[in-house]
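The following exercises ask you to read the overall build and the nonpolar interior of a protein from its atoms. Work through each task before you turn to the solution beneath it.

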Amino acid sequence: MRPIQFLLSCVVLFVILAGSYAVFVDRMVIPQEALPYPYKQFLLEATSSISGKVIIDSGSNGLHSFDTKILSEYFQAPVITLSDVAENPLRYKIYNLRKYLKPGDTLILPLEWQHYRRNSETSQRFVENVVLNEHAYDYYINNLPLLERFEFILQKLPLYIVINSFIRQQNGTLFENGLERLGRFENVLRSGDNTSFGGEIRDGPEEILPLFLNFSCDDLLFRIGGGSDIGEIHKVFLSNLVLLETLAKQGISIYFTWPTVVDSKRSVCYESPKVREGLRRLSASIVESVESHGFQFIGIPEDSHFDSSCFLDNYYHIRYSCAIARTHSFVESLRNHRVEPLNTQINENQVVEVIDAYIEIKRQQILEEKAKELPALNEAVVTPLDQKRKLLFHSGWSTVEDKGTWSIGTESVFQMRIESSFLKQEYVYLGIDGDYFNGAENTEVEINGTSYDSRTLNDQFFRISSQNIIDQMVLVRLQHSDVRSPKMLGRSEDTRMIKFRLRDVSLSRSNPN
Amino acid sequence: MALVYFVLNKLGHIQIAKISLVLASLFFYAYWNPLYLILIIGSIVANFGIGALLHRAKRDSWKGPVSAKFILICGIALNLGLLGYFKYTDFFIENINLLLAAEVPALNLLLPLAISFFTFQQIAYLVDCYKFDVYEYDFLSYCLFVSFFPQLIAGPIVHHKEMMPQFYDVKNAFVNSANIAKGVLIFCIGLFKKVVIADTFAVWADAGFDSDRALTFFESWGASLSYTFQLYYDFSGYTDMAIGAALIFNIVLPLNFNSPYKSLDIQDFWRRWHMTLSRWLKDYLYIPLGGNRKGPYRTYFNLLATFVLGGLWHGAGWTFVLWGALHGFALVIHRLWEKSRLNMPKSCAWACTFLFVNITWVFFRADTLPDAIRMLKGMVGLNGIVVSEEFAAVLANVTGQTLILSSAAGGNLIGTKYTLLSILVFGFIAFTFKNSMEMTRGKTYFSLWDSLRVSGSLLLTLLLAIASTSSVFLYFNF
């Protein structure tokens with residue numbers, strides 16, 4: 001190539017390489033998880049079909065300040081807290097909300113001070129949470145428009161994290177099992193406290209987290225490094241306001257309110273006259289900007305400033321009773337600002353039903369996906385060592401142990417895949433072997449919808465018609481009776497409702513008995 | 001910048017183009033700390049003035065109150081005084097305190113960027129003005145000679161005789177696509193060396209040399225070899241970038257590295273490593289001291305003195321002095337060996353030279369002499385021979401022997417398979433491959449592979465810069 005051709009080819013190749021890399025990372029390193037890692041994001045996705053709900057999104061002050069039940073009573077609508085940590089860019093949050101919110105929904109933003117300032121940088125913790133650490137924040141990136149996704153990959157995602165994530169994914173060491181994840185979500189949903197709807201209001205140790213030990217309140221809130229200049233509103237926030245307008249145009253009502261801040265015994269928030277003066281200017285310019293984009297600002301900063309008796313563990317986190325008071329005062333402010341209830345006419349139980357249905361859909365999707373990955377089995381015995389890989393435990397099972405897997409509850413279901421050569425003959429023989437806890441050694445067995453007589457599953461074989469095996473799949477449903485936990489019997493602290501321990505599963509072409 | 005420079009030249013504003021290049025260079029310099037700007041501008045003005053005085057003093061008609069020699073001595077003293085004040089005052093105070101048990105407070109002066117480089121360049125100019133019939137340059141070209149941004153920060157240490165004619169050559173003022181293409185290629189090779197290779201080795205070298213505990217055998221070798229390759233790829237990478245960037249402006253900078261780790265003896269090493277510094281030390285220190293013209297013992301002394309001062313030039317610390325002295329001794333031994341007419345197989349000669357250079361880099365890198373000794377103890381196995389399980393597995397694969405002597409504590413990076421693999425791969429490249437200058441010499445046609453190297457280096461730099469741990473070029477410190 002001549003020099004000019006060479007220089008042009010460098011530019012073209014650079015674009016091709018950068019584009020290929022971005023596509024590779026987008027497709028292979030940032031996967032589309034079937035389920036998000038955080039429960040609150042799951043709540044948002046599960047309730048996306050409900051129109052007329054209220055979402056609170058911000059940093060952690062939003063988690064510790066609002067009681068969803070009180071707000072739900074005021075709005076006459078379901079309320080979900082989506083807040084996580086302040087360092088997560090507001091822009092990504094807005095794109096995420098844009099995907100799931102429906103016309104008629106309400107968004108409350110008790111943004112933290114750094115959201116009004118430079119908030120476009122992504123912390124190392126954030127990027128690691130996108131592609132490592134269980135892909136805790138992958139949805140933030142997946143819900144970005146294509147060009148912004150590429151911008152994230154090429155400008156904010158360090159190469160070593162990409163390589164690390166790719167290697168770990170190939171080794172299969174990164175993900176929490178989707179079914180385990182669903183189980184975790186079900187547990188939180190059924191907990192019955194404020195965490196069911198994403199909140200985290202609680203009492204605690206009244207001790208500052210070690211991470212914040214060296215910061216005064218104003219240092220932490222405004223990142224002023226011991227100074228008093230709290231800075232001005234940043235253009236990044238102004239561009240976020242423009243993005244929020246697109247949400248408003250979709251019929252979503254958006255309200256801003258001030259972040260909850262709390263003094264500690266060693267540091268008072270908004271303490272120095274200079275900070276107070278800076279705060280007065282900053283808050284006035286924030287309100288002006290917000291209102292100029294057509295949004296309402298609820299309350300004044302002092303409404304959400306608490307004394308040290310409310311301190312939980314950092315300057316944004318308040319104790320339970322203070323959160324209740326904060327929620328009541330916020331409701332009062334809503335009334336004063338004539339924010340009307342939504343009257344969605346959906347009560348808490350109905351929301352839980354919607355979420356339950358969503359869980360079931362997701363469970364089926366995950367099972368279908370996992371079933372495709374099952375290895376086809378031949379005459380070999382599936383021992384406890386192989387169970388995790390060769391059997392798909394649908395429901396009613398504890399974790400796989402060295403000596404087998406205990407059933408949990410009255411029904412346990414597992415699935416397996418049979419090698420196609422087996423199906424050329426009329427019958428296949430399925431062996432199940434295990435032992436029991438606390439007598440009642442009798443199990444009802446159903447295989448691919450066919451019931452077998454109740455028996456003790458100790459080296460038992462079942463004849464299955466090949467015609468009854470569709471797509472090489474065998475689904476085994478076991479019904480147990482008189483199920484109790486070791487704790488109920490006073491034998492140990494184990495609360496699992498166990499009965500049958502599945503040891504070996506085997507396949508045979510002829511009847512071994 | 002190149003675009004502005006060439007457009008101005010094309011429009012016939014050659015002086016303005018030159019001014020723009022000087023201003024851009026000074027901006028580049030001031031970017032780290034604007035206060036330094038006063039120092040470099042002062043130094044340029046003063047040295048140009050002294051040079052002008054020397055020119056006049058050498059004329060027969062000179063009736064000034066002092067001789068040219070006096071002016072030269074004053075000029076050199078001024079330059080060395082400035083360098084000494086900023087670079088060596090605290091070192092001096094520290095040693096006085098140690099010797100006299102005094103408590104003179106350190107000045108904690110911030111070392112101005114590149115002061116060692118522009119001081120040497122200008123001393124050479126003054127000496128040449130005194131000794132030879134140097135053409136009297138105009139002030140603007142002189143400013144450009146000292147401040148030209150590609151070589152300003154960490155060399156090569158350019159000589160006025162090789163630079164000034166290029167600044168005056170009119171055809172260099174216009175776009176030369178072949179030079180731009182070649183410059184971009186060389187720049188990107190340097191960028192790759194620095195960002196991808198040197199910075200990777202830096203992690204292991206830093207982990208080793210900054211470790212609180214005494215390193216064991218393999219860890220010490222991992223750290224010392226990592227530093228050996230870090231330094232080479234870092235400094236030669238910077239030089240490539242400087243040469244490439246200068247070439248875009250049609251300026252050819254002198255060669256500074258010629259595969260030094262291929263050297264077969266220590267003299268050969270110094271003909272290949274930081275060649276412009278070696279040239280300066282030879283022309284302006286070793287030869288003025290008498291070189292090899294005053295008998296063998298004086299020659300040995302001159303060699304030692306040159307290298308001790310060369311060591312001190314690199315940094316104000318006894319570790320640098322010792323490093324320079326060791327190299328001086330090695331050169332003396334090399335002279336004696338040559339005289340003895342003994343021979344050594346090439347592979348042995350190469351291994352001796354490389355191992356010597358690697359061991360002496362320990363003094364160069366260690367913060368203190370005890371740290372260096374601790375590292376060397378590790379390298380001879382006095383801190384135990386302990387390997388990580390992972391590293392042992394690699395060794396077992398290679399040697400067929402199980403080498404786990406005991407389990408290594410901690411999850412540090414030294415001694416992992418990646419360190420070993422990197423040392424083997426990039427060591428092999430440094431020992432056997434053509435260097436960037438050999439690869440690009442006389443190049444007028446370019447391949448797709450060249451384009452891939454450029455675009456790949458740029459992309460990798462972009463991606464690695466996202467998580468940059470703010471590594472600076474090592475030679476910025478000198």
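**Exercise 1.** Determine what share of chain B counts as buried, and what kind of atoms its accessible surface belongs to.

*Solution.* In this predicted model, a residue is taken as buried when its relative accessible area is under 20%, and by that cut-off 52% of the 478 residues of chain B are buried. Turning to the outside, the accessible surface of chain B comes to about 22,100 Å², and 68% of that area belongs to carbon and sulfur atoms.

**Exercise 2.** Work out whether the radius of gyration of chain B agrees or disagrees with that of a compact globule.

*Solution.* Begin with the expectation, which for a compact globule of 478 residues is a radius of gyration near 23 Å. Chain B has 24 Å, and therefore agrees with this expectation. Its C-alpha trace spans about 80 × 60 × 50 Å along the principal axes, and its secondary structure consists of 20 helices with zero strands. Among contacts in chain B with a separation of 6 or more, 75% join residues 24 or more positions apart.

**Exercise 3.** Identify the residues with the most contacts inside the largest nonpolar core, and the helix that gives this core its largest share.

*Solution.* The largest nonpolar core has 117 residues, and A:Trp113 and A:Phe256 have the most contacts inside it. Helix α16 of chain A, residues 348-373, supplies the largest share, namely eight residues. A second, separate core holds 78 residues, including B:Leu83 and B:Ile186.

Note on methods:
Residues numbered from 1 in each chain as written. Chains lettered and ligands numbered in written order. Predicted model: local features only at pLDDT ≥ 70, side-chain atom pairs only at ≥ 80, totals over all residues. Heavy atoms only, no water. Helix = DSSP H or I, 4+ residues; strand = E, 2+ residues; numbered from the N terminus. Rg over C-alpha atoms; globule rule 2.2 N^0.38 Å. Buried < 20%, exposed > 50% of the residue type's maximum accessible area, 1.4 Å probe, protein only. Contact = heavy atoms within 4.5 Å. Areas by Shrake-Rupley, 256 points an atom, 1.4 Å probe, with all protein chains shown as cover. Core = buried A, V, L, I, M, F, W, Y, C linked by side-chain atoms within 4.5 Å.
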